[in-house]
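Please look through the sequence and the structure shown below before reading on. The report that follows takes up salt bridges, then a pocket, then a single residue.

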Amino acid sequence: MIKLKNAQQLSEIQKSCDILSGMFAHIRKHVQPGVTTLELDRIAEEFIRNNGAVPAFLGYMNYPSSLCVSINEEVIHGLPSKRTIRAGDIVGLDCGVDLGGFFSDAAISIAVPPVSDATVKLLTVTQECLARAILAIKPGARVHDISRAVFSHAKANGYGVVKPYCGHGVGFAQHEDPQVPNYVSAGPNPRLIPGMVLAIEPMINAGADDIKDLSDGWTVITADKSPSAHFEHTVAVTASGCTVMTRW
């Protein structure tokens, strides 16, 4: 069931989004060679708690951390560890905030200099996929309009699109209906209505679409070990289009 949000609820979700946006602004300067992914997790959790909120990912479906840190061929759900960031890495950060029962969700991929032209293009196109998806959001449009915007742009640039994982509703819980695939699936295709809050998150691979799960039970990698990028915003459908509620 899709749960619409009223003006007061949207205001509370925006406060959650503001904390999450502040966390990203704070943490990104720490994404440097030699820093461990576990240290990034600590920084994220500390910022969120210091702002009166709770890390939404921590304990969700038994996830053990506050932040997902996915590097290079890791698509999503990378577990923070003693692994250190290296020059040239693509570091994907995915995080959510629970502020008194109001949830936000966002992700960014950061390239650690020096950066190759191929990495720049992958991150640029993935961000463009997200931007095109957001432009497709307006009352009366359908979920598949979002999906088509992501898929067509990624494929036009020769990239793979992750299919088993997708965007989703958010706001009252970490994951809500509807699912928002990054390709036009045979699944539900509801109309977009003001009051819907969605997490839009293209996951784009430099190689093929295929992915596989690692034995840790969380980390998802590209099957061909090609690099992957992930960008995500929480957005609200409005009477005139949509409002992007998160920032990086």
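A salt bridge is counted where a side-chain nitrogen of Lys or Arg lies within 4 Å of a carboxyl oxygen of Asp or Glu. The model shown here is a predicted one, and a search of the whole structure finds 10 salt bridges in it. One of them joins the side chains of Glu-12 and Lys-15, with 3.1 Å from N to O, and this value meets the definition because the nitrogen of a Lys has to be within 4 Å of the carboxyl oxygen. The two partners stand 3 residues apart in helix H1, which covers residues 7-27, so about one helical turn separates Glu-12 from Lys-15.

A similar question can be put to another helix: why are Arg-49 and Glu-45 separated by about one helical turn? The two residues are 4 residues apart in helix H2 (residues 37-50), and therefore about one helical turn lies between them. Their side chains meet in a salt bridge of 2.8 Å, N to O. A further salt bridge, of 3.0 Å from N to O, brings together the side chains of Glu-74 and Arg-83. The table lists the relative accessible area of the residues in these pairs.

| Salt bridge (N to O) | First residue | Second residue |
|---|---|---|
| Glu-12 and Lys-15, 3.1 Å | Glu-12, 18%, buried | Lys-15, 41%, partly exposed |
| Arg-49 and Glu-45, 2.8 Å | Arg-49, 41%, partly exposed | Glu-45, 22%, partly exposed |
| Glu-74 and Arg-83, 3.0 Å | Glu-74, 13%, buried | Arg-83, 31%, partly exposed |

Besides these pairs, Glu-39, Arg-42 and Glu-46 are linked in a network of salt bridges.

The next topic is empty space. The largest pocket holds about 550 Å³, and its lining is made up of 26 residues, with His-77, Tyr-165, Cys-166, His-168 and His-175 lying nearest the centre. Sorted by kind, the lining residues comprise 13 nonpolar, 7 polar and 6 charged ones. Strands E7 (167-169) and E8 (176-180) each supply at least two residues of this lining, and E8 gives the most, with 3 residues.

The last topic is a single residue. Thr-119 belongs to helix H3, which spans residues 117-135. Is Thr-119 buried or exposed? With a relative accessible area of 11%, Thr-119 is buried, because buried means under 20%. Its side chain makes a polar contact of 3.0 Å with the side chain of Ser-116, and, when neighbours within four places in sequence are left aside, Thr-119 is in contact with Ile-90 and Ala-111.

Conventions: Residues numbered from 1 in each chain as written. Predicted model: local features only at pLDDT ≥ 70, side-chain atom pairs only at ≥ 80, totals over all residues. Heavy atoms only, no water. Buried < 20%, exposed > 50% of the residue type's maximum accessible area, 1.4 Å probe, protein only. Polar contact = N/O pair within 3.5 Å; in protein donor to acceptor, adjacent residues only side chain to side chain. Contact = heavy atoms within 4.5 Å. 1 Å grid on protein atoms, 1.4 Å probe; cavity = no way out; pocket = protein on both sides within 12 Å on 5 of 7 lines; lining within 4 Å. Points joined across faces, edges and corners; volume = space filled by probe spheres on them. Nonpolar A, V, L, I, M, F, W, Y, C, P; charged D, E, K, R; others polar.
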